[in-house]
Every structure is written in C-alpha cells, then in structure tokens.
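This report describes one protein chain and the ligands placed with it. The sequence and the coordinates come first, followed by notes on fold, core, loops and ligand shells.

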Amino acid sequence: MGENFVLMLLLVASLVQILVAAPTYNPRQLSLPSQLNPYPTKPRLSFRPDGTFKITVFSDLHFGENAWDVWGPQQDVNSTRLMRKVLADEKPDYVFINGDLITGENTFRENSTVYIDEIVAPLNDVKVPFSSTHGNHDNQANITHLEEILREQRDAPLSYTRVAPPGVGGEYGPGNYWVPVNFQPALIIWAFDSRGGWSEGQGSAPLPDWVDDSVATWIEQETALMDSVWGPPDKTRGALAFVHIPP
Ligand SMILES: *[C@@H]1O[C@H](CO)[C@@H](O)[C@H](O)[C@H]1NC(C)=O
Ligand SMILES: *[C@@H]1O[C@H](CO)[C@@H](O)[C@H](O)[C@H]1NC(C)=O
Ligand SMILES: *[C@@H]1O[C@H](CO)[C@@H](O)[C@H](O)[C@H]1NC(C)=O
C-alpha cells in the first residue's frame, strides 16, 4: 500500500514536470497538422524585412509551338531570354506561372513534357521559388496537367506546385494547392486547376473548362483547419488566387 502510494506520488510528480515543461515550446508549432506544413523539406517563404513580397507572373508561355517550323523553337528561345531578363531586373521573391506552359496540341507523345525543362531552367538558375497552374493547352492528346506537374517537381528543386488529394479537382484537374508565406502565414497563395482542353490519347474529347465542384468543398475543409490552428484570418492572413481560366 505504502509503496504504491509512493509510486503514485512519483508518477504525479513526473506528470507535473511534463506539464510544466510543455509551455516552453510553442504548442502551435508542435501540434501543426501535416496538412498545414505542406513543404517540410523546402525553404520557408517569408516576407522581406520591409513587409513586401514580390511575385512575378508569367502566363501563356506556350512552349513547343510549331516545333517543326523555324519560328517555333526560336519563339521559345526568345521567351526564355525574356524570362531571364525579367528575373534579373525584378528579383522576385516568388514566381507564378499561370497556365498554358506548353502548346500541347503541337506536341509528340514521346517528348511532350521536355519543354518543362526549358521553362524551369531560368528559374532554377536564379534559385527562385515558384509554382504553376495549367491551362486548356496543357491538356491535349499527347500531354496532361499531371504529367507537366510531375516533370516540374522532378526537375525544379524550388517548385512548390502540388497535386490535390485524391478525389479533389475532377478528371484532368489535379493542380489545386496552396502555398503559405511566413510560418504563421500572413499570405496564402491558392492555385486552382480550371482543367479545359482535351483528354489524352486517341479518341481525345473536350474537357470541362472550369474548376471542379470538389475543389469548393476542399477549400472549406482546408480553411476550417487553418482557422482552427492559426485563428481566424481577420486582418492577419491575406489570400491571393491563381487560376488559368477565370470563373
Ligand atoms: C526572336 O527575337 C528576335 C530578336 O528580338 C526577333 O528578331 C525575332 O523575330 C524573334 N522571333 C520570334 C519567332 O518571335
Ligand atoms: C501525338 O504524338 C504522336 C506520336 O508522336 C503523333 O503521331 C501524333 O500526331 C500526336 N497527336 C497529336 C494530336 O498531336
Ligand atoms: C520531339 O519529338 C519529335 C518527333 O519525334 C521531334 O521531331 C522533335 O524534334 C522532338 N522535340 C524535342 C524538343 O526534342
């Protein structure tokens, strides 16, 4: 009896110790669900000391157009040169590529995503974090949004483009994700996949060119989780959204 009592006291004492020790850590940081920490291995994006965060947007780059004509590849060389010039002049904190990266209907099955390498090269060289949405020209008989995303993730260490959880985005619309800026985010950059274009393969058929309904439910779930952990957005958390085909 007496031994048990001592044991119990010891147990209580060690519990108290744990409870007392806990507040020295940031409990929010410890309990952050993995969904709210989507880039554990990538650099944390943050505002500059002066409170700014500069985003450069490239849209409709259309690489791979008329690959069989002289002007097609020349156009891509020119686009890459322009990207390098803009990046050097602007020195953005983040780059967003807002759809139609590739003229998919001009691509060949065996090498359709090779143009992603050309597009990410200037971004890799200046080591700027970036991500992309995809457009109606990125879903075609010989190419899909998903293929472009996987190629980008493979070739660009600072790509923040993600694939939505299973069941979110509808067929051919996997590119729905968000990117936090600052740890307790001051800004959430949302990306929505408006699908469009054509399904892949022979018998290719037109696709709906709007964001799938399932994305709305996902947004509600994600923001409810953000609010429960980070508190209500109020004036402390802004949002910015990119989508190729506006609603
Ligand atoms: C590429 O840029 C060069 C130099 O500015 C220009 O002469 C040429 O017409 C451009 N080519 C295309 C296909 O836009
Ligand atoms: C798709 O790629 C194949 C194989 O390279 C090619 O023969 C075909 O013309 C392409 N289809 C379209 C619609 O561009
Ligand atoms: C892609 O493949 C086609 C047909 O096989 C070829 O003509 C073209 O040059 C290739 N494009 C690139 C960028 O390698």
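## Overall fold

The protein has six helices and six strands, where helices (H or I, at least four residues) and strands (E, at least two) are DSSP runs numbered from the N terminus. Along the sequence these elements follow the pattern α-α-β-α-β-α-β-α-β-β-α-β. Of the 247 residues, 34% count as buried; a residue is buried if 20 or more other C-beta atoms lie within 10 Å of its own, exposed if 12 or fewer, and partly exposed in between, with C-beta atoms placed from the backbone. Among contacts with a separation of 6 or more, 76% are between residues 24 or more positions apart, a contact being two residues whose C-beta atoms, placed from the backbone, lie within 7 Å.

This is a predicted model, in which local features need pLDDT of at least 70 and side-chain atom pairs count only at pLDDT 80 or more, while totals for chains, interfaces and linings use all residues. Residues are numbered from 1 along each chain as its sequence is written, and chains are lettered from A and ligands numbered from 1 in the order in which they are written.

## Parallel strands and crossovers

Strand β1 (residues 55-58) runs parallel to β2 (residues 94-98), and four bridges join them; strands are said to pair if DSSP finds at least two bridges between them. Val57 has Phe96 of β2 as its bridge partner. Helix α3 (residues 71-90) completes a right-handed β-α-β unit with β1 and β2. Right-handed here means that, with the strands pointing away from the viewer, the path from the first strand over the helix to the second runs clockwise.

β2 also pairs with strand β3 (residues 130-133), again in the parallel sense and over four bridges. In that pairing Asn98 is matched with Thr133 of β3. The crossover from β2 to β3 passes through helix α4 (residues 114-126) and is a right-handed β-α-β crossover. Four of the five residues of β2 are buried.

## The β4-β5 hairpin

Strand β4 (residues 177-181) is largely enclosed by the rest of the structure, because five of its five residues are buried. In a regular strand the side chains alternate between the two faces of the sheet. In β4, Tyr177, Val179 and Val181 point one way, Trp178 and Pro180 point the other way, and all are buried.

β4 and strand β5 (residues 187-192) are antiparallel and share five bridges. Pro180 has Ile188 of β5 as its bridge partner. Five residues lie between the strands of this hairpin, and Asn182 takes a positive phi near 80°.

## Nonpolar core

The largest nonpolar core has 31 residues, of which Leu61, Phe63, Val95, Ile97, Leu101, Ile119 and Phe130 touch the most other members. Such a core is a set of buried Ala, Val, Leu, Ile, Met, Phe, Trp, Tyr and Cys residues joined through C-beta atoms within 7 Å. β2, α4, β4 and β5 are the elements that give two or more residues to this core, and α4 gives the most, with five. Leaving aside neighbours within four places in sequence, Ile119 is in contact with Leu61, Phe63 and Leu101.

## Selected loop residues

Most residues other than glycine have a negative phi, and most peptide bonds are trans. Asp100, in the loop between β2 and α4, has a positive phi near 50°. Asp100 counts as buried because it has 22 C-beta neighbours inside 10 Å. Lys127, in the loop between α4 and β3, also has a positive phi, of about 55°. Lys127 has 9 other C-beta atoms within 10 Å, so it is exposed.

Asp209 lies in the loop between β5 and α6 (213-230). With 15 other C-beta atoms within 10 Å, Asp209 is partly exposed. Not counting residues up to four places away in sequence, Asp209 touches Asn136, Ser194, Arg195, Gly196 and Ile245.

## Ligand shells

A residue belongs to a ligand shell if its C-beta atom, placed from the backbone, lies within 6 Å of the ligand. Ala, Val, Leu, Ile, Met, Phe, Trp, Tyr, Cys and Pro count as nonpolar, Asp, Glu, Lys and Arg as charged, and the others, Gly among them, as polar.

Trp71, Gln74, Gln75 and Asn78 surround ligand 1, giving one nonpolar, three polar and no charged residues. Around ligand 2 are Glu105, Phe108, Arg109, Glu110, Ala141 and Asn142, or two nonpolar, one polar and three charged residues. The shell of ligand 3 consists of Ala67, Phe108, Glu110, Asn111 and Val114, divided into three nonpolar, one polar and one charged.
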